[in-house]
Each structure stands twice: as C-alpha cells, then as structure tokens.
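Student: Please take a close look at one part of this model for me. Start with salt bridges and burial, then work outward to the rest.

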Amino acid sequence: MSWSVCMVILAYLLGSLSFAVIVSRAMGLADPRSYGSGNPGATNVLRSGSKKAAIATLLLDALKGYAGVLAAALAGFGPGTVALAGLAAFLGHLYPVFFRFQGGKGVATAAGVLLALSPLLGGACLAVWLAVAFATKYSSLAAIVTAVAAPVIDTLAWGPTLRTAAIAAMSALLVWRHRVNISRLLAGTESRLGSKAAPVPDHDTRNPSA
C-alpha cells in the first residue's frame, strides 16, 4: 500500500468523526438523528435550541475537512493526493465508518476542504452561501446553490485541474444528499433557518441523509 493511499484513508477516517453526534452526547443533548430533519449536522443541531452545540458542530465538521487537506499538503504529497484527501474527508462525513455509514450532508466539511484547497475559493463559496441563506432563510438552498457554483468558480478563476474534478465530485454528492430537501423546496414545505425541532418519521430516522 502506497503512502498516498494511506493518507487518503486517514483523511476518510478523520472525516468519519460525526461531531453532531459527538458534541450532542458530550453536552447531554438528544441525538440529532432523532429530531428535525434527522441529519447529523450543525443546522439540525441548532434545532435542539443549543447555539453552542450548533457552533461547535459547525466548526469541528469544517475543521476535519480542513485538517484532512492540510495534513496531506504538509506531508509533501502532490496536488492530486491533496485533492483526494479532501474528497476522502468529505466522503467520511457522508458515510462514516464509525457511525454505520449514516452521516450528514457535508456542507461544513466541504467548506473546510475548499478553504484548505484555496482560501480564495473557500471565501467566494462562503459569500455565495451567506448571500443565499440570508436572502431566502433556507440553509439547504444555500448549500445547493453553493455546490453548483464551486466547480464553476474554480474553473473560471484557475482553469480545470485535478482539484476541480475533486470539487465537482463533492458538489455532485452534496446535491444528491439534498435530494429530499429539493423536493421539499419545490413543495414549499422545507424548514427555514431557526425553525423549531420536530419528531422525525421512521423512514427519516433510518435515512439521516433525508
């Protein structure tokens, strides 16, 4: 097994740490997979009523994506391996080996990966997310628009590279993980930022990505 493969696996394992669940347990809160959207992510943790838990989840989820890329870069790996490490950390969040492969949607982790790959790209994507979120109050819509914009911005600013391919893969997966949100947005039933928690139907409990 090559060192590059080992690095990618380590990044995946780091991404597999579901901080929404870990932080909620540490703070004595309900499992985020049991209320709201059922998604183990910062937005759903916010529905618990604990802003501290939501902020901690957001920062830690972003940090693990950032750390996966940074570790590969500091270890001296090439751009291809660095980009794959970022993608692996993102996949770890979506399909965490430590949590029966039932993870979140990856918005914060993707943001950390993008910031580590390119602070300018990460900043531009953050600006897109904030603009859409503040204008619509829909976190899911902001994530979807940003996911579509990320590879486009990267290509227009720096040209197509291996990094662009990794970003495009993350974007496609992120949109896919929001497929139920897209249906709810079209139906006008999607929850807005700051909405209160509600029990999760059985099918959502079994499929936290919904």
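Tutor: Asp61 and Lys64 are both buried. The two residues share helix 4, where they sit three residues apart, about one turn of the helix. They form a salt bridge, with 3.5 Å between the closest N and O atoms. Keep in mind that this is a predicted model.

The structure has four salt bridges in total. Another joins Arg163 to Asp154, at 2.6 Å from N to O. Asp154 has a relative accessible area of 0%, so the residue counts as buried. Glu190 and Arg184 form a further bridge, at 2.9 Å from N to O. Burial differs between these two partners. Glu190 is at 9% relative accessible area and is therefore buried. Arg184 is at 21%, so the label is partly exposed; the cut-off for buried is under 20%.

Now the nonpolar interior. Helix 4 (51-74) is among the helices that each supply at least two residues to the largest nonpolar core. The core has 22 residues. Phe90, Leu114, Leu117, Ile167, Met170 and Leu174 touch the most other members. Besides helix 4, the helices giving at least two residues each are helix 1, helix 5, helix 6, helix 7 (119-136), helix 8 (139-158) and helix 9 (162-177). Helix 5 contributes the most, with six residues. A separate core of seven residues includes Phe19, Ala20, Val23 and Tyr35.

Take Met170 as one of the well-connected members. Setting aside residues up to four places away in sequence, Met170 touches Gly86, Leu87, Phe90, Val113 and Leu114.

Next, follow helix 5 to Leu94, which lies in this helix. Leu94 has 0% relative accessible area and is therefore buried. Beyond residues up to four places away in sequence, Leu94 touches Phe101, Gln102, Gly103, Gly104, Lys105, Gly106, Leu173 and Arg177. Leu94 and Leu173 are 79 residues apart in sequence. In space, their C-alpha atoms are 8.9 Å apart.

Lys105 leads on to His178, which also contacts Val107, Ser140, Ala143 and Ile144, leaving aside neighbours within four places in sequence. His178 sits in the loop between helix 9 and helix 10 (179-187). At 3% relative accessible area, His178 is buried.

Phe101 leads the other way, to the surface. Phe101 belongs to a nonpolar patch with Val5, Ile9, Leu10, Leu13, Tyr95, Val97, Phe98 and Trp176. Together these residues have about 820 Å² of accessible area. Helix 1 (residues 3-15) provides the largest share of the patch, four residues. Helix 1 also supplies at least two residues of the largest core. Phe98 lies in the loop between helix 5 (79-94) and helix 6 (107-117). Its relative accessibility is 48%, so Phe98 counts as partly exposed.

How far does the confidence carry? The average pLDDT is 90, and 91% of the residues score at least 70. Helix 5 has the highest confidence, with a mean of 97. Helix 11 (residues 202-206) has the lowest, with a mean of 40. Residues 200-210 have pLDDT below 50. That stretch still has 27 contacts in the model beyond near neighbours in sequence.

Conventions:
Residues numbered from 1 in each chain as written. Predicted model: local features only at pLDDT ≥ 70, side-chain atom pairs only at ≥ 80, totals over all residues. Heavy atoms only, no water. Patch = residues over 30% accessible without salt bridge, like charges linked within 9 Å, V, L, I, M, F, W, Y side chains within 5 Å. Areas by Shrake-Rupley, 256 points an atom, 1.4 Å probe, with all protein chains shown as cover. Salt bridge = Lys/Arg side-chain N within 4 Å of Asp/Glu carboxyl O. Buried < 20%, exposed > 50% of the residue type's maximum accessible area, 1.4 Å probe, protein only. Contact = heavy atoms within 4.5 Å. pLDDT = per-residue confidence, 0-100. Core = buried A, V, L, I, M, F, W, Y, C linked by side-chain atoms within 4.5 Å.
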